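Got your viewer open? Let's take a short walk through this protein, one selection at a time.

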Amino acid sequence: MAAHLRGKTTPYKVDLKRPSAILIGNEARGLSEKAAAGADILIKLPVLGGAESLNASVACGILIYEVVRQRFGDEFFEHKRLL
């Protein structure tokens with residue numbers, strides 16, 4: 001899956017339980033068209049306010065969090081507290 005401004009769905013509507021690769025572009029130019037064309041699906045993270053996109057590391061963190069949430073359930077985060 002590739003995070004892309006042309007994405008038509010969000011990661012919350014995609015089955016991320018299967019093996020996946022996450023493609024993220026950089027802040028300046030985004031993901032190349034060649035890389036985006038190789039993705040099975042283009043996804044877009046919903047952003048409130050006037051921002052068009054997120055910082056690449058923030059977007060990656062949100063996507064990885066959603067992968068873990070779908071694979072292990074919400075309970076994973078409740079029982080694995082570090083404090």
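## First stop: a glycine in a helix

Select G61: at 37% relative accessible area, this residue is partly exposed, a label for values between buried (under 20% relative accessible area) and exposed (over 50%), using a 1.4 Å probe and protein chains only. G61 lies in helix α2. Now add R6 to your selection. Along the chain, G61 and R6 are 55 residues apart, and 20 Å separates their C-alpha atoms.

Before moving on, a word about what you're looking at. This is a predicted model, where local features need pLDDT of at least 70 and side-chain atom pairs count only at pLDDT 80 or more, while totals for chains, interfaces and linings use all residues. Residues are numbered from 1 along each chain as its sequence is written, and side-chain values use heavy atoms, with hydrogens and water left out.

## Zoom out

Show the whole chain as a cartoon. You should find 3 helices and 2 strands, in the order β-α-β-α-α from the N terminus. Helices here are DSSP runs of H or I with at least four residues, strands are runs of E with at least two, and both are numbered from the N terminus. Along its principal axes, the C-alpha trace spans about 40 × 30 × 20 Å.

How much of the chain is buried? Buried residues make up 25% of the 83 residues. Next, think about contacts, meaning heavy atoms within 4.5 Å. Of the contacts with a separation of 6 or more, 73% are between residues 24 or more positions apart.

## Walk along α2

Select residues 56–72, and you have helix α2, with 17 residues. From first C-alpha to last, α2 reaches 24 Å, close to the 24 Å expected at 1.5 Å a residue; that expected span is 1.5 Å times one less than the number of residues.

Which residues of α2 are buried? Colour A56, A59, L63, E66, V67 and Q70. Now look down the axis of α2: these buried residues fall within an arc of 100 degrees, so they line one face of the helix. The arc is taken from the directions from the helix axis to the C-beta atoms.

What do the buried residues of α2 pack against? Select β1 (2–3) and β2 (42–43) to see their partners. Then turn to the face of α2 that points away from its buried side, where the exposed residues S57 and F72 sit.

While you're on α2, click R69, which is found in this helix. R69 counts as partly exposed, with 26% relative accessibility. Add L16: R69 and L16 are 53 residues apart along the chain, with 9.2 Å between their C-alpha atoms. Past the end of α2 comes G73, which has a positive phi, near 85 degrees.

## Two serines in loops

Select S53, in the loop between β2 and α2. S53 is partly exposed, at 45% relative accessible area. Try a C-alpha to C-alpha distance from S53 to L5: the two are 7.5 Å apart in space and 48 residues apart in sequence.

Then go to S32, in the loop between β1 and α1 (33–37). S32 is also partly exposed, with a relative accessible area of 41%. From S32 to H4 is 9.6 Å, C-alpha to C-alpha, for residues 28 apart in sequence.

## Last stop: the charges

Finish by colouring the charged side chains: 12 are positive and 9 are negative. Lys and Arg count as positive and Asp and Glu as negative, leaving out His and the chain ends. The centres of the two sets lie 4 Å apart, with each charge placed at NZ of Lys, CZ of Arg, CG of Asp or CD of Glu.
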